[in-house]
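Got your viewer open? Load the model below and we'll walk through it stop by stop.

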Amino acid sequence: MRSETKSKSGAGLGGLTDGLHGWWRRATTWQRWAVYVALIAVAAVLPHPAIGSIMSPSGDWVGVLGQPIGIYVLLAVGLNVVVGQAGLLDLGYVAFFAIGAYTWAYMGTQLGWTFWPTVPIAIVLTALAGVILGAPTLRLRGDYLAIVTLGFGEIVRIVAVNAKPLGAAVGLSGVPAPVLPGLDFTNNAPAFYYLILGLIVLVIIFSWRLEHSRVGRAWAAIREDEDAAELMGVPTFKFKLLAFFIGAMIGGLAGSVYAGQLNYANPGMFPFILSATILVCVVFGGSGNLPGVILGAFVIAWLPEFLRAFEVTIFDYRLEEFRMLFFGLILVIMMIFRPEGLLPSRRRRAELAEGTGGMGSMGAEVAGPGADTTQEAVSK
Amino acid sequence: MLLEIEDIHVHYGKIAALKGISIAVDEGEIVTLIGGNGAGKTTTLKTISGLRPLTSGRITFAGQDISKMPGHKRVLAGIGQAPEGRGIFPGMTVHENLLMGAYARKGEVKAELDEVYDLFPRLAERRTQAGGTMSGGEQQMLAIGRAMMTKPKVLLLDEPSMGLAPMLVAQIFEIIQKINERGTTVLLVEQNAQQALQLAHRAYVIETGRVVKSAPASDLLDDPEVRAAYLGGDLGVDGDAPQDGEPAAKEGQVATPNGDASTREGA
């Protein structure tokens, strides 16, 4: 079965990631720690101009690393809890990002609070919003849940457009950046990059520990077959609510950092397309698999910036202006040849092969290639 | 009575699926519910295990009214179910699937694991294989084994013969018998009425959300109406004729043991 999948997506990329996967599963604790340390070291030197000249020849690499790349990675790890682990299709994730951002923007500009004590408040408020959204809607499944969450995302944005205390359509400006003794983050891209990097590491550890706990097992069961999970004694509703709660927390955290980073918050920062893009990060990278999701978010955030650099002209148009077109093309090609994502988890693959488990209606969407694989495997 | 269902009504939106069903299952019995497609057999099981809410009526289990109890708590009370379409976790290995069966329970699982692997040596061989990549018959075994891991007092089985070759069906039914002999009460829903009636002690016939007959299973095997409706009519063939009945024809896609990995029906 596994070898069948391999040969189907047997392009160079597939073989490489499968190899990595196998090596990782056999790796000893020491080897794994060496990889963690190496990855953190790479992340630490990433802002170096030499790397920047390759990765982002056209511009401000350190800035790009913090935003969009860092923020996307944070959001993707958060959304992965909801979509990748619990299998709940949330199309309104940007709502939590917005609530986090507005919480800090409001408290920082109107109430004169400082950043650090406000962040936990923003996280709690956003998590509560997650429960408020989840409690009435999590009885819905698949497509229905997706539609309701999509609505929630829009409601939050429209409330922001109309709320006078939040500056209505203009938003709130002059949002302070965080300050540490001897370090002002205002317009300090490297400081923001390392702050976000630290938060990413924390969030990854948090998410990883959850995944490998009883909670994570319950989420996996819910994702793969919700009714069966209930029949195993898993309180499915409670655990789905918990997934929304934790996903929202991470979204809120990212939001408050984002508002501090940009020094403003306005409704235009939180369009539906951002929810969709973060979902793309998760699915493109390999839903449910943390390294995949992180890589996915990195690529999705970085690629448009990278493509910006190509100053070739075709018929009087600069190639740069086509960059979103190429970006879309790359996504489409990727999803045709490797629907399970860049770095899928072993489990997610089996779910896709079955053509049912995972991500509500999205499981059905990808049933085509998955079902093919099953039949091929069976006929051998 | 271990399990008693009194006059339950269940609705899907405005459509009544169950219109007053009463069933009783005594400790140690195998009771079967037979009936055609859409009669309400699966809904009855789902209502007992708590996946569907009651509109009215009462379910009593081991002397306790469980009508309002959420599904995940009924598992701890002693109701285990292998759901329709098997409902195994495709991304988990066989072993992980079985461990999920013990999710809600505290304490050791070794004894139950050993018992399940003893009942289904095939599962022991496939311990590390992902559930979703197994054949239909193996998945059915896994679904039953996983339900046994919840240490049920009563085991609810929803169409364990669905989509399986006759030889595998016979094998699964033998195991159900063995499970019952080891002390677990069984409530079996089947379209394969012939085989279900041969296995069960008592049976209920359900039609359009109502119980239309209830009798010892052997009586129903000889009942002319039941024979006509569910056993392919009295064609002068002995009771043990292979499934030439209407239900068997409906389930016509009888597949080879390995050929039906993807015939899973959504619950």
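Of the contacts in chain A with a separation of 6 or more, what percentage is between residues 24 or more positions apart? The figure is 75%. Keep in mind throughout that this is a predicted model.

**Stop 1: chain A as a whole**

Colour chain A by secondary structure and you should find 18 helices and six strands. The chain runs to 380 residues, and 48% of them are buried.

**Stop 2: the big core**

Next, select Tyr72(A), Leu74(A) and Ala76(A). In the largest nonpolar core, which has 170 residues, these three touch the most other members. Now extend the selection to helix α5 of chain A, residues 61-85: this helix gives the core 15 residues, the most of any contributor.

Zoom in on Leu74(A) and show what surrounds it. Beyond its neighbours within four places in sequence, Leu74(A) has contacts with Ile196(A), Leu199(A), Ile200(A), Val203(A), Ile250(A) and Ala254(A).

**Stop 3: Ala248(A)**

Slide over to helix α12 of chain A, residues 236-262, where you'll find Ala248(A). Is Ala248(A) buried or exposed? Buried: there are 32 other C-beta atoms within 10 Å of Ala248(A), and the cut-off is 20 or more, so the residue qualifies.

Who's around it? Setting aside residues up to four places away in sequence, Ala248(A) touches Phe96(A), Thr126(A), Ala127(A), Ala129(A) and Gly130(A). Try a distance label on one of those pairs: from Ala248(A) to Ala129(A), C-alpha to C-alpha, you get 7.5 Å, though 119 residues separate them in sequence.

**Stop 4: over to chain B**

Hide chain A and bring up chain B, which has eleven helices and ten strands. Its length is 267 residues, with 51% counted as buried. Take the chain B contacts between residues at least 6 apart in sequence: 68% of them join residues at least 24 apart.

**Stop 5: the six-stranded sheet**

Select the strands of chain B in the order β6-β7-β8-β3-β9-β10, and you have an open sheet of six strands with mixed pairing. Why do β6 (79-82) and β10 (210-216) of chain B each have one side without a neighbour in the sheet? They stand at the edges, and each has a single partner strand, so one side is left free of neighbours in the sheet. Look along the sheet for its twist, which averages 20° from one strand to the next.

For a look at the pairing itself, pick β3 (residues 30-34) and β8 (residues 185-190) of chain B. These two run in the parallel sense and share five bridges. Click Val31(B) and you'll find its bridge partner in β8(B), namely Leu187(B).

**Stop 6: helices on the sheet**

Add helix α1 of chain B, residues 41-49. This helix packs on the sheet, touching β3, β6, β7 (154-158), β8 and β9 (202-207) of chain B. The directions of α1 and β7(B) make an angle of about 145°.

Then show helix α6 of chain B, residues 136-148, which lies across β6 and β7 of chain B and runs at about 170° to β6(B).

**Stop 7: a helix crossing**

Keep α6(B) on screen and add helix α3 of chain B, residues 94-101. The two axes come within 7 Å and cross at roughly 35°, and the crossing is right-handed. To see the contact, show Val94(B), Asn97(B), Leu98(B), Met100(B) and Gly101(B) from α3(B) against Leu142(B), Gly145(B), Arg146(B) and Ala147(B) from α6(B). Colour that set by class and you get five nonpolar, three polar and one charged residues.

Key:
Residues are numbered from 1 along each chain as its sequence is written. Chains are lettered from A and ligands numbered from 1 in the order in which they are written. This is a predicted model: local features need pLDDT of at least 70, side-chain atom pairs count only at pLDDT 80 or more; totals for chains, interfaces and linings use all residues. Helices (H or I, at least four residues) and strands (E, at least two) are DSSP runs, numbered from the N terminus. A residue is buried if 20 or more other C-beta atoms lie within 10 Å of its own, exposed if 12 or fewer, and partly exposed in between; C-beta atoms are placed from the backbone. Two residues are in contact if their C-beta atoms, placed from the backbone, lie within 7 Å. A nonpolar core is a set of buried Ala, Val, Leu, Ile, Met, Phe, Trp, Tyr and Cys residues joined through C-beta atoms within 7 Å. Two strands pair if DSSP finds at least two bridges between them. Axes are lines fitted to C-alpha atoms, for helices over the stretch in contact, and angles run from 0 to 180 degrees between N-to-C directions. A crossing is left-handed if the near helix is turned anticlockwise from the far one by less than a right angle, and right-handed if clockwise. Ala, Val, Leu, Ile, Met, Phe, Trp, Tyr, Cys and Pro count as nonpolar, Asp, Glu, Lys and Arg as charged, and the others, Gly among them, as polar.
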